[in-house]
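Got the viewer open? Let's take a short walk through this one, one selection at a time.

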Amino acid sequence: MKVFQTICRQLQSSKRVFVETAPRVVFSTSSYLCGRKKRVNPYEQVDQEKYSDLVRSVLSFRGHARTPQSLFEEDALLYGPVSKSKAPKQEEEAVPQNWFPLFNPEKSIKPDPARDPPVPLKIPFQRNAIPSVTRVLQQTMTSEQTFYLEKWRQRMILELGEDGFAEYTSNMFLQGKQFHGALESILSPQGNLKERDESLLESGYVQSVQHVLKDISGVRALESAVKHETLQYVGLLDCVADYQGKLCVIDWKTSEKPKPFIRNTFDNPLQVVAYVGAVNHDANYSFQVQCGLIVVAYKDGSPAHPHFMDAKLCSQYWAKWLLRLEEYTKKEKSQNIQKLD
């Protein structure tokens, strides 16, 4: 401040200019607060006597404990009652329209030595107008199955050529036929395998099923034709025998790839259960079957995979088989109508 006054004196003396010094200003933080009026709480201007009930309810609300019941009541007051929406219904499995039981109550499950055949049945298969199990399954394959089957066929033709693929399928059919012949000889009490075919017993497929054969006894039928007299379909089953003490329809399969789970066998369970139902309703068979067995053998001799089907599992596949049979019947009727037109 002294420096500022000195500069002013020098200016006055040198240039005769009169400069008045400004009065001292003192700044204070309290001057702003003192200069403004005190803020008035608007709630103090409310006529509390007039609105006493409202004031008491507002002041007393803070002290109330909020319980789940009070929360539900508040929600109901604000948003209305809760609308309980129904859970979406799960898609129900299709049920065959013309349901027919898998098991026959007129046949006994227990073995009857007086009625059971002394040797395994071997009824010859006769082709006629009645559809076979194999034909029904082939004609009613899903679009997905057809797609993958055709994709496999095209890949094999690309690798082997048309002639090579035809030879491959012919060899596979021959190997399967020889495998079934060898098993028939092993399980048959006559043992009618020719000497020149004894080498088949040493094949990889036969070696693959040796551990399964140890659990098989009481053979009732071998390579025998069967007919469902009510549903009108036929088939040629591989074997009916006891597996681990339970009477089963046994189906022997060969495969180049491992099939450790029953889902890997595609339509084989439907084939087996179709034979089970046919045996139970065929007058040529005095016994009743409640179980099935799929045995997948391998050419390299590795242990075969046996897939056992109990009565409950057979019943589940039986419903699916009936649906496929219905689908086949509808297709046949549709084709016959088109031919007439």
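**First stop: a salt bridge with a long reach**

Select R324 and D267: the two form a salt bridge, with their closest N and O atoms 3.0 Å apart. Keep in mind as you go that this is a predicted model. Now colour the chain by secondary structure. R324 sits in helix 10 (residues 311-340), while D267 is in the loop between strand 3 (246-255) and helix 9 (268-280), so this pair ties together parts that are 57 residues apart in sequence.

Buried or exposed, what is R324? Its relative accessibility is 11%, so R324 counts as buried. D267 is buried too, at a relative accessible area of 15%.

**Next: strand 3**

Step back along the chain and select residues 246-255, which is strand 3. Switch on a surface if you like: 8 of the 10 residues in strand 3 are buried, so call it mostly covered.

Zoom in on D251 and K253. They make a salt bridge as well, and here the closest N and O atoms are 3.2 Å apart. D251 has a relative accessible area of 3%, so it falls under the 20% cut-off for buried.

**The neighbours on either side**

Add strand 2 (residues 233-243) to the selection. Strand 2 pairs with strand 3 in the antiparallel sense, over 5 bridges. To see one of the pairings, pick A241 and look across to C248, its bridge partner in strand 3. Then follow the chain around the turn: strands 2 and 3 form a hairpin with 2 residues between them, and Q244 in that turn has a positive phi of about 55°.

Now bring in strand 4 (residues 291-298). Strand 4 runs parallel to strand 3, and 8 bridges join the two. K253, which you have already met in the salt bridge with D251, stands opposite V296 in strand 4. How does the chain get from strand 3 to strand 4, and through which helix? It crosses through helix 9, giving a right-handed β-α-β crossover.

**Last stop: another salt bridge**

Jump to E184 and K122. Their side chains meet in a salt bridge, at 2.7 Å from N to O. E184 belongs to helix 6 (residues 143-187) and K122 to the loop between helix 4 (68-79) and helix 5 (133-139), so the pair ties together parts that are 62 residues apart in sequence.

If you want to keep hunting, the model has a count of 6 salt bridges, including the ones between R324 and D267, K253 and D251, and E184 and K122.

Conventions:
Residues numbered from 1 in each chain as written. Predicted model: local features only at pLDDT ≥ 70, side-chain atom pairs only at ≥ 80, totals over all residues. Heavy atoms only, no water. Salt bridge = Lys/Arg side-chain N within 4 Å of Asp/Glu carboxyl O. Helix = DSSP H or I, 4+ residues; strand = E, 2+ residues; numbered from the N terminus. Buried < 20%, exposed > 50% of the residue type's maximum accessible area, 1.4 Å probe, protein only. Pairing = 2+ DSSP bridges. Right-handed = clockwise from strand over helix to strand, strands pointing away.
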